[in-house]
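Colleague: Could you take one part of this model and go through it closely with me, at the level of individual residues? I would like a connected account that I can follow with the structure open beside me.

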Amino acid sequence: MAALTSARLPRLNGTARGGLAGLVGAGIGAAAQFGVVVLVTRGAGQETAGIFFAATALCLMAGGILRMDAGNGLVYFIARSRPFGYRCTRGYVRAALVPVATLSLLAGAVAAATAPDPAVRILAAALPVMTCADIAVAATRGLGAMRPTVLLSGILQPTAQLVLVGAVVLADAESVPLLAAAWALPSLPVLVLSVLWLRGRLPDTPYLPGTAHDFWRYTWPRSLAAAIQAVFQRLDIVVVAVLAGPVEAAVYTAATRFKVVGQLVNQGLTQAVQPRLVRALAEGDLARAGELYQSATGWLVLLTWPIWLGYAVLAPWLLGLFGGGYASGVPVALVLAVTMMLATACGMADVVLTAAGHTGASLANLVAAIAVTVALDVTLVPGCGALGAALGWAGGTLVKNLLPLWLIHRRHGLHPFGVHSRAVLASWRAR
């Protein structure tokens with residue numbers, strides 16, 4: 001048994017090291033995003049903050065829909081092309097970017113021309129840059145590189161947002177359009193730098209007929225799922241703003257801001273593990289896939305559960321950082337902490353499901369999750385405000401995690417915990 005453990009530990013430590021860079025970027029990004037919320041809530045009135053948070057939530061929802069999950073599609077196809085010297089990867093990048101850029105330009109132009117709110121018009125104009133930047137950065141991960149993701153998406157973009165939003169707030173400019181512009185501008189250097197990185201590394205091979213067909217045949221079910229996921233992640237803020245007003249939306253955003261910590265830690269691990277999962281499942285190596293899944297889940301629990309327990313205990317004090325009027329968000333914080341601990345224990349179940357090619361099942365799961373969320377929100381938000389939205393989000397989150405967990409167990413016999421979890425714990429104790 002000791003020999004088995006020692007043989008497995010190098011692999012597990014490799015996974016941990018592979019995710020470390022993503023976790024560093026995730027931590028910096030989470031701190032910067034938290035700083036943006038603190039600056040806006042303390043530097044602007046609750047109504048201004050609520051309008052700003054609702055506008056950026058709408059922008060992120062639109063971007064998530066327009067990206068059509070092309071980034072994850074690129075990770076899948078580029079990672080699978082590694083044994084063949086990454087041939088045809090330029091064709092896959094082109095197949096992903098051209099339709100996304102075209103749809104984003106059209107949607108942004110229509111919204112910028114018709115939206116009555118100037119902040120929404122500014123964010124609409126930034127949509128094409130934001131969507132293409134995310135896809136270009138994702139393509140670098142398909143080549144096995146984490147540095148562009150960490151430096152550009154993890155550090156540069158959120159840090160620049162913090163600096164620019166802070167400059168607007170310190171100038172006493174309680175202008176939602178100016179805040180929106182400061183928040184959106186950093187996507188431009190991310191796009192430029194990631195494209196330059198790709199141009200120097202992608203093999204210069206001709207575009208082959210059928211590349212776009214193959215790419216979107218795999219990606220389109222996940223595109224719908226990604227659109228629903230984008231709505232699922234941000235709909236609650238918009239619903240609270242519409243049904244309970246911008247002040248309740250500001251309280252809800254502040255109380256749930258720590259949600260991004262767990263999401264970014266999960267994202268950091270996912271970005272490192274996903275290409276390996278795709279290759280393992282493509283080769284039919286369920287043992288390796290199970291090892292990756294269990295080790296990632298183990299690290300996720302070890303890294304995030306102390307955060308959620310601490311947030312539940314310190315919620316009254318932490319919410320005071322946002323300024324007066326936010327203490328009413330303590331019940332929301334408690335719901336958030338418990339739900340995120342349960343979701344974390346499921347690991348990256350949906351990532352495993354899609355890496356195995358079951359994009360249609362992932363779509364069905366997300367439809368069920370958002371249906372539960374909307375039903376609970378419509379029922380609870382008018383009477384309970386921010387707490388009602390938190391309960392709606394919690395219900396949808398549990399559905400979103402438990403359904404793929406059941407499916408990967410049923411179809412592939414994969415579990416989030418097992419012998420490799422014990423190896424992770426042993427590695428953690430040895431540090």
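**A serine between two helices**

Modeller: Ser194 is buried, with a relative accessible area of 0%, and since this is a predicted model, that value is computed from predicted coordinates. Ser194 has its place in helix α8, and once its neighbours within four places in sequence are left aside, the residues in contact with Ser194 are Ala133, Ala136, Val137 and Leu152. Ala133, Ala136 and Val137 also appear among the α5 residues that meet α8, together with Val129, Met130, Cys132, Ala139 and Thr140. On the α8 side of this contact, Ser194 is listed with Ser187, Leu188, Val190, Leu191, Val195, Trp197 and Leu198. Sorted by type, the residues of the contact comprise 13 nonpolar, 3 polar and no charged.

To place these residues in the wider arrangement, a word on geometry helps: two packed helices are described by the angle between their axes and by the distance between the axes. Here helix α5, residues 118-142, packs against helix α8, residues 187-199, at an angle of about 35°, and the axes lie 8 Å apart. The crossing that α5 makes with α8 is left-handed.

As Cys132 is one of the residues in this contact, it may be useful to add that a search of the whole structure finds 0 disulfides. Elsewhere, Cys346 is buried, at a relative accessible area of 5%, whereas Cys384 is partly exposed, at 43%.

Definitions and conventions:
Residues are numbered from 1 along each chain as its sequence is written. This is a predicted model: local features need pLDDT of at least 70, side-chain atom pairs count only at pLDDT 80 or more; totals for chains, interfaces and linings use all residues. Side-chain values use heavy atoms; hydrogens and water are left out. Axes are lines fitted to C-alpha atoms, for helices over the stretch in contact, and angles run from 0 to 180 degrees between N-to-C directions. Helices (H or I, at least four residues) and strands (E, at least two) are DSSP runs, numbered from the N terminus. A crossing is left-handed if the near helix is turned anticlockwise from the far one by less than a right angle, and right-handed if clockwise. Contact means heavy atoms within 4.5 Å. Ala, Val, Leu, Ile, Met, Phe, Trp, Tyr, Cys and Pro count as nonpolar, Asp, Glu, Lys and Arg as charged, and the others, Gly among them, as polar. A disulfide is a pair of cysteine sulfur atoms within 2.5 Å. Buried means under 20% relative accessible area, exposed over 50%, partly exposed in between (1.4 Å probe, protein chains only).
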